[in-house]
Amino acid sequence: MQRREFIKLIAVATTVWPIAAWAQRTTRPIVGFLNSASADKNAYLAAAFRQGLNDQGFVDGLNITIEYRWAEGQYNRLSEMAADLVRRDVAVIAANTPAVIPAKKATSTIPIVFFTAADPVETGFVTSLNRPGGNLTGISGFQSELGPKRLELLHELIPKAKTIALLVNPNNVDVEKLTRDVAATARNLGLDLQVLRASTEEGLKSVFAGLAGTPIRPLVIAPDALFASQSATLARLGLQYAVPAIFQLREFAAAGGLMSYGSDPKDSFRQVGVYAGRILKGEKPAELPVQQPTKFELVINLKTANALGIAVPPTLLTRTDEVIE
């Protein structure tokens, strides 16, 4: 190679290298956020997820890009949304319960961090809690496991009721196990259980309207992403149709629902963000144990109880973490 050509080659290389290096430095990993509900009613959960990422040093728009996919309650959209995130070559996918199976079907290599109210082993998300295996791990609220406990609490509050209703979403992956467990508890307590189903907001209205024409019939609302996004609506319907109900979220009781018992979903979504950040740093989902909440809170809305003509037993009040008056 002649001297003039060599100098020219060096000049081109020194021009191209900084551009390539700059492009490499500004290429941010993409984090997929796949959720079956709507953005407006779940903004607080998305914020908690970002906080968890921030705790690990990842900031949206700075060193990562978060791609949100909200199904707006239309579960049939989740498969295409999951496939779209895979085509986008995301580094990790965060998914709530209804979105986990579509995400799992879409990829066996991209890490998936879930938040689920279901038992992740029973539903087949992971092989075990301590060693998940595969490309999935996450946070399990085990809210479905608390279904029997919610029934017991409602029975304690309204002991004269001989029938208790259970509201489920038939599209929920954990519906059969939850129904089976709650039914077993009802039998042990000598109660009849009426299972009601709804998968839309209009369906929820029909359920409460149907209960209004019956004698006092307490209602256990099963954990579900759709129901969670409609917490305020469920509370309003309970007051409108005089249906004493218990749900998983404090937001339900704060909005006028009678009782809530469960863990804080905001903290769970923050933990999902923490796990996503740890995976971005190189940890493997197969080696990250499924996390579980350690604290569950009982909240009673005393104002609603009075409006429904229900006297809260002192023994129950002493065990309540928060009383809303």
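What share of the contacts in the protein with a separation of 6 or more comes from residues 24 or more positions apart? In this predicted model, such residues account for 70% of those contacts. The chain behind this figure has 325 residues, and its secondary structure comprises 13 helices and 12 strands. Along the principal axes, the C-alpha trace extends over about 100 × 35 × 35 Å.

Turning to the surface, the accessible area of the protein amounts to about 15200 Å². Carbon and sulfur atoms contribute 52% of that area. Of the 325 residues, 50% are classed as buried. As for charge, the protein carries 34 positive and 30 negative charges, and the mean positions of these two sets lie 4 Å apart.

The aromatic residues deserve a look of their own. Nine aromatic pairs are found in the structure. One of them joins Phe247 and Phe252, whose ring centres are 5.8 Å apart and whose planes meet at 80 degrees. This pair counts as edge-to-face because its angle is over 60 degrees. Both partners can also be placed with respect to the surface: Phe247 has a relative accessible area of 0% and is therefore buried, and Phe252, at 1% relative accessibility, is buried as well. Each value falls under the 20% cut-off for burial.

Aromatic residues also come together in a cluster, which is made up of Phe33, Phe49, Tyr68, Trp70, Phe115 and Phe269. In the sequence, the members of this cluster run from Phe33 to Phe269.

Definitions and conventions: Residues are numbered from 1 along each chain as its sequence is written. This is a predicted model: local features need pLDDT of at least 70, side-chain atom pairs count only at pLDDT 80 or more; totals for chains, interfaces and linings use all residues. Side-chain values use heavy atoms; hydrogens and water are left out. Helices (H or I, at least four residues) and strands (E, at least two) are DSSP runs, numbered from the N terminus. Buried means under 20% relative accessible area, exposed over 50%, partly exposed in between (1.4 Å probe, protein chains only). Contact means heavy atoms within 4.5 Å. Accessible areas come from the Shrake-Rupley method with a 1.4 Å probe; for residues, only the protein chains shown count as cover. Lys and Arg count as positive and Asp and Glu as negative; His and the chain ends are not counted. The place of a charge is taken as NZ of Lys, CZ of Arg, CG of Asp or CD of Glu. Rings of Phe, Tyr and Trp (its six-membered ring) pair if their centres lie within 6.5 Å; planes under 30 degrees apart count as stacked, over 60 as edge-to-face and the rest as tilted.
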